[in-house]
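Hi,

Here is the structure I promised to pass on. Have a look at it first, and then read on for my notes.

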Amino acid sequence: MITEVVSTQRKKIHPHKFTLWVAIASIIMMFAGLTSAYIVKGSLPGWSTVEIPQLFYYSTAVILLSSVSVQMALKAFKERNMALYRQLITVTAVLGIGFIVMQVLAFMQLWDRGLTMEGSSGAGQFLYIIFGLHALHVVGGVIALLVMFIKAFSSRIRNYDPVSVELASTYWHFVDLLWIYLFIFFIMSI
Amino acid sequence: MSDGAVLHGHPEVRTTHEVHHDEHHVHHHQETFITKYVFSQDHKMIAKQFLITGMIWGVLGGLMSVIFRLQIGYPDQSFPILEQILGRWAKGGKITADAYYALVTMHGTVLVFFVLTGGLSGTFANFLIPLQIGARDMASPFLNMLSYWFFFTASIVMLSSFFVQTGPFSGGWTAYPPLSALGDASPGSKTGMDLWITAMALFVVSSLLGGLNYISTVLNMRTKGMSMTRLPLTIWALFFTAVLGVLSFPVLLSGFILLLFDRHAGTSFYLSDIYMASTQQALPNEGGSAILFQHLFWFLGHPEVYIILLPAMGMVSEVLSTNSRKPIFGYMAMVGSLFAIAILAFLVWAHHMFVSGLNPFLGSVFVLLTLLIAIPSAIKVFNWITTLWRGNIRFTPGMLFAIGFVSLFISGGLTGIFLGNSTLDIHLHDTYFVVAHFHIVMGVASFFGMFCGIYHWFPKMYGRYLNNTMAYIHFWVTMIGAYLIFWPLHYAGLAGMPRRYLDYSSWESFNQFSDLNKFISTVAMIVFAVQLMFIFNFFYSIFKGRKVVTQNPWGSTTLEWTAPIRPGHGNWPGEIPEVHRWAYDYGKDGREFIPQTEPVNPDESKH
């Protein structure tokens, strides 16, 4: 029955994947709202810019690497190379956590430079909020990876369905691209 | 047949949760009270949960309007009963200014979001999408359940703000800063506002989870033969509603996030050059812009009015066609105009801001775009009327409410053309003209769409009918009452009577309306009482209503009426029916109606 099901399956996207794409559109709208607010606010009096800490360049490299590793993990899963898959998914999760830690460290550097929330708001406050919200979305991705990590190491559950791995990797690439967009947006506009 | 069975059940879904559902059918898995009525993943039960929660909010929101209408109608009198209900908010039976503004604010918030968004599209998108497209459930029943429970939590948080010492938020449902950003601005801006934002954030999550599901269900889970152009218009409307919600609510959320930072972290996104009278202090905030919040708010706020209106439009189209025994006139034009409205909804938000200091040249662009909405709206009205034209009309309660919707949509829509012009809006803004306009076109009209849906699909929801006598009284009193309340308000607004005043009697220029205001308040109370009768009818009929004995009581073509009278989880006990034609084959080739499941006869005439 199942094989028959697969063979007659129409070339249609899995509903959960489609749901994820719509959710991504929704998240994009949220950040579009915030970056448009940035542009509107930037033309008002009292605007101040900020020097972007070097650390953000390193975190960009980390998240790019994690995108590569999640893609390789997906490939390993599809080839049923479970040992490699487990390693790669661990690497991705570690890189994700590393990214979040680096973001927090960069925020602390900025804060120590005297860039707080008080007074007239400029690019710095937007940076905290926009990059902070992005980091929260990465946290969501890390949680998804951890769930898969536990599943991958549990001996009781045998998982042959690539959908959840594909969902996680799509989302992971999305937060990566979102970061690239936000980072370039800040570099360009400051 | 085995091959057919595979195709019917949408195989790609079967690999995931469908398997689980089918098990339910086979074993008749015993459901506990908790899994059946509380944490249910059945879209029909979730729909009923949304509906009943929405009805509770509807009664509360309506009651608030009765209380503040008492103040507007009888500003010189005191009502000791108010002190018993509201305590110190109505000392001596006269409502305080703070309580008045809190009630107005909560009336707006509750009715716009909790009743006409959660209660309307939450109910009917959940109920109708799987049944009308031929799916066993939503794409993700679990997310669907979460959607309701986020809505429920949002409701509890919002409700709790009535019981904090400083009262609920009182700065208007649009929550403009600085009133919403500064705790010292008014009592309601303190804890009440924090609870308001929390509740709204939870509400946004709920409607995003719901919307995601509705979109992917409509696009991915239709039964065999159900192409997009064979969908009933209800589904098209609910689909566009979900798209609007998914793309506009996140922007509201970004606005709220910045607002939270202004409230609690000392940022100045929306605040600039403020001297607080209450604390005798100049605030350090500078360079912020309240208009920025208005942009972010109305980028949701305008699509929101279509989120409210489109489901009503969809259900009205379906009910009008079914009860005229005629195909809907101009099906593709109806779909196209829904699409046009959905696109334009994103391009007109600044028409709410003509007097806020928006650049007048920018305003003129928004005037043009706003007036463009008249075109798809007019197409829809024309098509509804031509559907009725020479139809064999059955005046069921649902049909009456559908016709009432068309009437209200025309009356309210026409005044929209006044307000869409920035030059006229400068005069009319913040007067009762605006109140009258949006209450008719968005508030009452959408309520009529909702009632139309409830009366029409109640037999499918509960396997019983609502009481007809009470339904007719409900319709006529509400219909006449709505016009008696809101029609005169247009004149008061044209004469300049401003919104949101506690007491008009101290203004000589508005004293002339004191009798009118008394009259309107009285009618509002009568209409409210009739809504209570409807609520009684609803709950009475769930248990004692006349039983539905035929599967298809309205002689309708769509798929939900091919399911059993009381469908279980999974909707169809056997295979999901296959669809062979569009949803509107009424009065064709001498037959009253042809269900969508009937194969096309080669001799059949083309529609």
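How do the residues of the lining of the second largest cavity divide into nonpolar, polar and charged? The split is ten nonpolar, eleven polar and no charged. Before I go further, please keep in mind that this is a predicted model, and that goes for everything below.

**The cavities**

To put that one in context, the structure holds seven cavities of 30 Å³ or more. The largest cavity has a volume of about 1,000 Å³. Its lining counts 46 residues, and the ones closest to the centre are Ser65(B), His107(B), Leu111(B), His439(B) and Phe486(B). If you want to find the walls by element, look at helix H4 (43-73), helix H6 (97-133), helix H16 (432-462), helix H17 (468-494) and helix H19 (514-544) of chain B, which each give two or more residues to this lining. By residue type, the lining of the largest cavity comes to 32 nonpolar, eleven polar and three charged. Both domain 1 (31-288) and domain 2 (312-545) of chain B contribute residues to the lining, so the largest cavity lies between them.

Back to the second largest cavity, which comes in at about 170 Å³. There are 21 residues in its lining, with Thr117(B), Ser121(B), Ser207(B), Gly211(B) and Tyr214(B) closest to the centre. The elements of chain B that give two or more residues here are H6, helix H7 (141-160), helix H8 (191-220) and helix H9 (233-264). Note that H6 of chain B also appears among the elements lining the largest cavity.

**Domains and core**

The domain assignment of chain B gives domain 1 (31-288) and domain 2 (312-545). Taken over C-alpha atoms, the centres of these two domains of chain B are 20 Å apart. Their contact takes 46 residues from domain 1 and 48 residues from domain 2 of chain B.

The largest nonpolar core has 254 residues, and those touching the most other members are Phe56(A), Phe131(A), Trp196(B), Trp384(B), Phe405(B) and Phe538(B). Here too, domain 1 (31-288) and domain 2 (312-545) of chain B both give residues, so this core lies between them.

**Chain A**

The secondary structure of chain A is six helices and zero strands, so to speak α-α-α-α-α-α when read along the sequence. Its C-alpha trace spans about 70 × 30 × 25 Å along the principal axes. Of the 190 residues in chain A, 48% are buried. Among the contacts in chain A with a separation of 6 or more, 85% are between residues 24 or more positions apart.

Two glutamines in chain A are worth a look. Gln103(A) lies in helix H4 (residues 82-112) of chain A and is buried, with a relative accessible area of 0%. Leaving out residues up to four places away in sequence, Gln103(A) touches Phe56(A), Ser59(A), Phe131(A) and Trp179(A). With the same kind of neighbours left out, the contacts of Phe56(A) include Gln103(A), Phe107(A), Leu110(A), Phe131(A), Trp179(A) and Phe183(A).

The other glutamine is Gln125(A), in helix H5 (residues 123-153) of chain A. At 3% relative accessibility, Gln125(A) counts as buried. Its contacts beyond four places in sequence reach into both chains: Thr116(A), Met117(A), Glu118(A) and Ser120(A), plus Thr267(B) and Phe269(B). The C-alpha atoms of Gln125(A) and Phe183(A) are separated by 15 Å, with their positions 58 residues apart along the chain.

**Backbone details in chain B**

Where is the cis peptide bond? It runs from Pro177(B) to Pro178(B), with omega near 5°, and Pro178(B) is in the loop between H7 and H8 of chain B.

Two residues other than glycine have a positive phi to check. For Gln280(B), phi is near 55°; this residue is in the loop between strand E1 (275-276) and strand E2 (281-282) of chain B and counts as exposed at 58% relative accessibility. For Asp589(B), phi is near 50°. Asp589(B) is in the loop between strand E3 (586-588) and strand E4 (591-593) of chain B, and is partly exposed, with a relative accessible area of 44%.

Finally, Val205(B) is in helix H8 of chain B and counts as partly exposed at 29% relative accessibility.

Cheers

Note on methods. Residues are numbered from 1 along each chain as its sequence is written. Chains are lettered from A and ligands numbered from 1 in the order in which they are written. This is a predicted model: local features need pLDDT of at least 70, side-chain atom pairs count only at pLDDT 80 or more; totals for chains, interfaces and linings use all residues. Side-chain values use heavy atoms; hydrogens and water are left out. On a 1 Å grid over the protein atoms alone, a cavity is a set of points where a 1.4 Å probe fits but cannot get out, and a pocket is an open set with protein on both sides within 12 Å along at least five of seven lines; lining residues have an atom within 4 Å of a point. Grid points are joined across faces, edges and corners, and a volume is the space filled by probe spheres set on the points. Helices (H or I, at least four residues) and strands (E, at least two) are DSSP runs, numbered from the N terminus. Ala, Val, Leu, Ile, Met, Phe, Trp, Tyr, Cys and Pro count as nonpolar, Asp, Glu, Lys and Arg as charged, and the others, Gly among them, as polar. Domain bounds come from an automatic or database domain assignment. Buried means under 20% relative accessible area, exposed over 50%, partly exposed in between (1.4 Å probe, protein chains only). Contact means heavy atoms within 4.5 Å. A nonpolar core is a set of buried Ala, Val, Leu, Ile, Met, Phe, Trp, Tyr and Cys residues joined through side-chain atoms within 4.5 Å.
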